[in-house]
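Trainee: Could we go through this structure together? I would like to begin with the interior and then turn to the surface.

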Amino acid sequence: MLLNLKDIIEIPGSRKAFSQTLDTDTLDFPSVLEYTAPITAEGEIRNTAGILSLSGTLHAEMRCVCDRCGKEFQRVKDLPLLVTLTANPEEDDDPEIFPLEGDALDLDEVLSTCFVLDMEAKCLCREDCAGLCAQCGADLNLGPCNCQKPRDPRMAVLEQLLDE
């Protein structure tokens with residue numbers, strides 16, 4: 001959605017509120033099974049002494065699968081937004097500044113970029129998830145498994161001495 005900012009670009013101190021639902025078709029993450037509610041964003045764009053900034057919050061509810069133990073879990077993500085905008089084409093190279101398209105802002109692009117950049121590389125059901133045993137596949141979050149540690153083949157000769 002293009003948000004027209006013509007009425008606040010030239011007026012320092014002016015503001016424009018926005019409320020947007022984000023399309024989840026382009027937000028494809030291996031750990032996210034489904035979005036259980038629409039991703040919503042609310043906030044405002046403010047002109048402070050000629051500098052445009054977007055502030056607000058992005059809210060997402062999703063059903064995920066843990067990258068360590070494989071369990072499904074519900075996750076709610078509330079992302080605070082604070083983005084600088086520019087109409088100056090010379091500042092397009094700065095990745096932290098989003099360019100305007102004439103007098104308009106592509107709000108979908110800004111919001112989806114912020115969401116993607118804030119997603120973690122590993123999606124975990126909890127911070128201290130122990131994962132699964134590499135040998136038997138037991139869930140180590142429920143307790144230790146009964147597997148014996150694999151023996152180092154370099155120590156086989158020494159183990160023979162202990163057996164005697």
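Mentor: We shall discuss the core, the aromatic rings and a surface patch, bearing in mind that this is a predicted model.

Trainee: How many residues has the largest nonpolar core?

Mentor: The largest nonpolar core has 37 residues. Those with the most contacts inside it are L5, I45, L54, L58, L85, L105 and F115.

Trainee: And which element supplies the largest share of this core?

Mentor: Strand β5 does, with 6 residues. In general, nonpolar side chains tend to be buried together in soluble globular proteins.

Trainee: What is L85 in contact with, leaving aside its neighbours within four places in sequence?

Mentor: The contacts of L85 include L5, I45, L54 and L105, and these four are also listed among the residues with the most contacts inside the core.

Trainee: Now the rings, please. How many aromatic pairs are found in the whole structure?

Mentor: The search finds 2 aromatic pairs. One of them joins F29 and F115 edge-to-face, at 6.0 Å centre to centre and with 65° between the planes. This pair links distant parts of the chain, as F29 lies in the loop between β2 and β3 and F115 in helix α2, 86 residues apart. Ring pairs also bring Y35 into a cluster with F29 and F115.

Trainee: Is F115 buried or exposed?

Mentor: F115 is buried, with a relative accessible area of 0%. F29 is buried as well, at 17%, because the cut-off for buried is under 20%.

Trainee: Turning to the surface, which residues make the nonpolar patch?

Mentor: M155, L158 and L161 make this patch of about 300 Å². L161 lies in helix α3 and is exposed, with a relative accessible area of 55%.

Methods. Residues are numbered from 1 along each chain as its sequence is written. This is a predicted model: local features need pLDDT of at least 70, side-chain atom pairs count only at pLDDT 80 or more; totals for chains, interfaces and linings use all residues. Side-chain values use heavy atoms; hydrogens and water are left out. Patches are made of residues with over 30% relative accessible area and no salt bridge: like charges are joined within 9 Å, nonpolar side chains (Val, Leu, Ile, Met, Phe, Trp, Tyr) within 5 Å. Accessible areas come from the Shrake-Rupley method with a 1.4 Å probe; for residues, only the protein chains shown count as cover. A salt bridge is a side-chain nitrogen of Lys or Arg within 4 Å of a carboxyl oxygen of Asp or Glu. Helices (H or I, at least four residues) and strands (E, at least two) are DSSP runs, numbered from the N terminus. Buried means under 20% relative accessible area, exposed over 50%, partly exposed in between (1.4 Å probe, protein chains only). Rings of Phe, Tyr and Trp (its six-membered ring) pair if their centres lie within 6.5 Å; planes under 30 degrees apart count as stacked, over 60 as edge-to-face and the rest as tilted. A nonpolar core is a set of buried Ala, Val, Leu, Ile, Met, Phe, Trp, Tyr and Cys residues joined through side-chain atoms within 4.5 Å. Contact means heavy atoms within 4.5 Å.
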